[in-house]
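Subject: Structure handover

Hi,

Here is the structure for you to load. My notes follow below it.

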Amino acid sequence: MREQAPTGPLAGIRVIDLTAVVLGPLATQVLADFGADVIKVEPPEGDLMRANGVSLHPGMSSIYLALNRNKRSVVLDLKQEDDAAALCALIAGADVVVHNMRVAAIERLGFGYEAVAALNPKIVYCVATGFGQDGPWRDRPAFDDIIQASCGMVGLGAIDGEAPGYMPSLIADKVCGLALANAVMAALVHRGRRGEGQYVEVPMLETMASFVLAEHMGGLSFPGSPAPAGYARLLDGGRRPVPTADGWISLLPYTGRHWSAFFEAVGREDIARAYDLSSRHQLNRHIRQLYACLAEITPTRSSADWLALCERLDIPATEICRLDDLPGHPHLEAVGLFQNSTHPTEGALRELRPATLFHKTPATLRRHAPSLGEHTQEVLREAGIAMPRALPQRQD
């Protein structure tokens, strides 16, 4: 991939990225995609996620490649005095520091907020924690599974006696990563207006509890209400993929007009007459019965037939896509979400371009995901730092 000058809305912003695994690197990749100069500072053994996923070569896994484009990698062993001094020099010329270490751990290394703010008072210092540091769980370890379970997400799948299960996606890491990126950008706006940096914390549990409860507050919204928490339309309304004569599709009659049009088209006006589909409250009250009727009808025709009917009636519907189908998805293919490039060590590579479209300050793929320490000498030279020793660089 040919390196290009950044054109995104954050061009000119420098970020010192002390994050690892998924949450932090996703956040800093958003900043990098939007034009920031993100300097990924890694220990000699590298980001743990370099080893997870599919790899052609050690240290360059599919997950690492997907989360670290548009960044520069610098290897520093922060337990070594010279390397810690080098990071101090980089921080002095930066706009943002981001990390997702435990607070006590980064304090021991000498790079807690007070120490960093002393080096650069206007720094935006943003940390992702597992649990808010003003609460009793502040020192507990936190991983995606733990947060999914603790925020109520896993419990959603255990309703009606179902066994609880984790969502097969690192949803907590990714949602909190987006929240972390948003927090950095908001703090940068404040600094632009007031000229002051600040400490920003994005706690995973609090962030995910807010995320889950957005539609599931239910009776919790009204103290003393006998109604339970949860959005019944999702939890017990039967809202799930429907069977067809040759497979499954996602079919979502959402409004009363959708339901009426569907039942009329299949010659089942009797179902529409049995319920008051003109009233949203009545529709919600009978949603379970309506979805049960839908599931009885859809096996009578093929998936293609139902999708054609729904397109004609303007009812939301789509086929069920497998992960391997996505590069050939007609819409994603047309908008060029997947792009082919050549990585200097990994060869031919398929990547996803930034999904957000800025018409005046476009976000671009301008740098490949770096090898471990690929830019150490370049970045330190820019900062006027001469390293007195060779830094270890492991890829396994």
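**Two sheets, one core, one arginine**

Three strands make up an open sheet with antiparallel pairing, in the order E7-E8-E9. Its edge strands are E7 (242-244) and E9 (317-319), each of which pairs on one side only. On average, neighbouring strands here are turned by 40° against each other, direction ignored. Please keep in mind throughout that this is a predicted model.

Within that sheet, E7 pairs with strand E8 (residues 247-251) in the antiparallel sense, over 3 bridges. One residue pair to look up: Pro-243 has Trp-248 in E8 as its bridge partner.

The other sheet is also open, but has 6 strands and parallel pairing. The order runs E3-E2-E1-E4-E5-E6. E3 and strand E6 (198-203) stand at the edges; each has a single partner strand, so one side of each lacks a neighbour in the sheet. Neighbouring strands in this sheet are turned by 20° against each other on average, again ignoring direction.

At the E3 end, strand E2 (residues 37-42) pairs with E3 in the parallel sense over 5 bridges. Glu-42 has Val-75 in E3 as its bridge partner.

Next, the core. The largest nonpolar core holds 38 residues. Those touching the most other members are Leu-10, Val-15, Leu-31, Val-96, Leu-180 and Met-208. Several elements each supply at least two residues to this core: helix H1 (23-33), strand E4 (96-99), strand E5 (124-129), helix H8 (171-194), E6 and helix H9 (204-216). H8 gives the most, with 11 residues. In soluble globular proteins, nonpolar side chains tend to be buried together.

Take Leu-10 from that list. Leaving out residues up to four places away in sequence, Leu-10 touches Leu-31, Phe-34, Gly-35, Ala-36, Met-185 and Leu-188.

Last, Arg-69. This residue is found in the loop between helix H2 (62-67) and strand E3 (71-75). Is Arg-69 buried or exposed? Its relative accessible area is 8%, and the cut-off for buried is under 20%, so Arg-69 counts as buried.

Which side chain makes a polar contact with the side chain of Arg-69? That of Asp-33, at 2.6 Å. Setting aside neighbours within four places in sequence, Arg-69 is in contact with Gln-29, Ala-32 and Asp-33. Its contacts also include Glu-351, Leu-352, Arg-353 and Pro-354. Leu-365, Arg-367, His-368 and Ala-369 complete the list.

Best wishes

Notes: Residues numbered from 1 in each chain as written. Predicted model: local features only at pLDDT ≥ 70, side-chain atom pairs only at ≥ 80, totals over all residues. Heavy atoms only, no water. Helix = DSSP H or I, 4+ residues; strand = E, 2+ residues; numbered from the N terminus. Buried < 20%, exposed > 50% of the residue type's maximum accessible area, 1.4 Å probe, protein only. Polar contact = N/O pair within 3.5 Å; in protein donor to acceptor, adjacent residues only side chain to side chain. Contact = heavy atoms within 4.5 Å. Pairing = 2+ DSSP bridges. Axes fitted to C-alpha atoms, helices over the stretch in contact; angles between N-to-C directions. Core = buried A, V, L, I, M, F, W, Y, C linked by side-chain atoms within 4.5 Å.
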